[in-house]
Amino acid sequence: MANRRQKKKKSAAAAKQAAAQYKGKNAPVRSVAPKKVEEAPKPQQAEPKVEIKVEKPQTPPAKPVKAQPKQAEKKPRPQATQKPENVKKSSKSKPVQKKRNNRNVKLSKRVKMEIERFGVRKFAAIVLAISTVICAVCVIAWVSSSTFGIPDDAIIEYKGKNILPELTLTVLEDIDKQYEYSDSMNRKGDKNAFRYYASQEIIFAEKNSQGELNLVNVTDNNCVLIVTIVDEAGNVCYTSRGLPAGQCLTNISIRERPYGVYDMKLVVAGYDRETYELIGVQSSDLTVQVGIEEETSDVQEETTQG
């Protein structure tokens, strides 16, 4: 049985092989491409190298460096003992000097030269005289300001109201005489603004009586004057209305005061006739006497005898 099977296998394999050969004989013949004969490689020629030149930036020629002298080798110093921080610096340290301005130096030199030419003694004498005059003026101004001060109540606002004509007199003196009288008075204040003159003493026979002031507004003044009388305490004792130029204020009356003699001030303010603006203020000393000494003494004797 095993042999039969092997024979069958061999016969089947032989049949397959024969069939395969038959198919190969009858199949179309394919053209076979001729094989390329590999040529020997040709020697490669070396390509010429192209050199690319890169231009470097031109640098300026370096300056010749001077040879520095060799420094002497520093020898190590011995270490100093450390000072305590709380120790103050010596007072003998030199102050830092500031540079002076050349202009100031030149000016000071010129001043010194001029003083030397003129003479030191003469220059000192002139400086002493000028300083003395300045001190005298300051003292006078201080004394005058401390002894008299014009209170605000003495300067009254002018509203165009003048003194009644029947209470004033027209000035008959010529202008030269008026100037002479005004210049003879010891006036203080804005003397260039206007001129005036008046009595420096007023006597009131009784407390409610009138006294003669005789204040004149000089004819060529371009202003109206208002008169105020002030006592030592700054109290206003009398105030007038406007006095036109060329007119004289004669009799006035003051507020009731006890009998006696009083030092007062006569304050005169000038106002523009059209705009009513204040143009200046002047003042002068005034002595006011209330009561006549002879009559008061007689009355006292009669009362003592009675």
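The largest pocket holds about 230 Å³ of space. Thirteen residues line this pocket, and those closest to its centre are Ile-163, Leu-167, Tyr-238, Leu-249 and Asn-251. Strand β8 (residues 247-252) gives the most to the lining, with four residues. A pocket here is an open set of points on a 1 Å grid where a 1.4 Å probe fits, with protein on both sides within 12 Å along at least five of seven lines; lining residues have an atom within 4 Å of a point.

This is a predicted model: local features need pLDDT of at least 70, side-chain atom pairs count only at pLDDT 80 or more, and totals for chains, interfaces and linings use all residues. Residues are numbered from 1 along each chain as its sequence is written, and side-chain values use heavy atoms, without hydrogens and water.

The whole structure has five salt bridges (a side-chain nitrogen of Lys or Arg within 4 Å of a carboxyl oxygen of Asp or Glu). Three of them are listed here.

| Acid | Base | Closest N and O |
|---|---|---|
| Asp-183 | Arg-187 | 3.9 Å |
| Asp-183 | Arg-195 | 3.8 Å |
| Asp-231 | Arg-257 | 3.5 Å |

Asp-231 lies in the loop between β6 (223-230) and β7 (236-239), and Arg-257 in the loop between β8 and β9 (260-272), 26 residues apart. Asp-231 counts as buried (under 20% relative accessible area, 1.4 Å probe, protein chains only) because its relative accessibility is 10%. Arg-257 is buried too, at 19%. Shared partners join Asp-183, Arg-187 and Arg-195 into one network. Arg-187 has 6% relative accessibility and so counts as buried.

Note on methods. Grid points are joined across faces, edges and corners, and a volume is the space filled by probe spheres set on the points. Helices (H or I, at least four residues) and strands (E, at least two) are DSSP runs, numbered from the N terminus. Buried means under 20% relative accessible area, exposed over 50%, partly exposed in between (1.4 Å probe, protein chains only).
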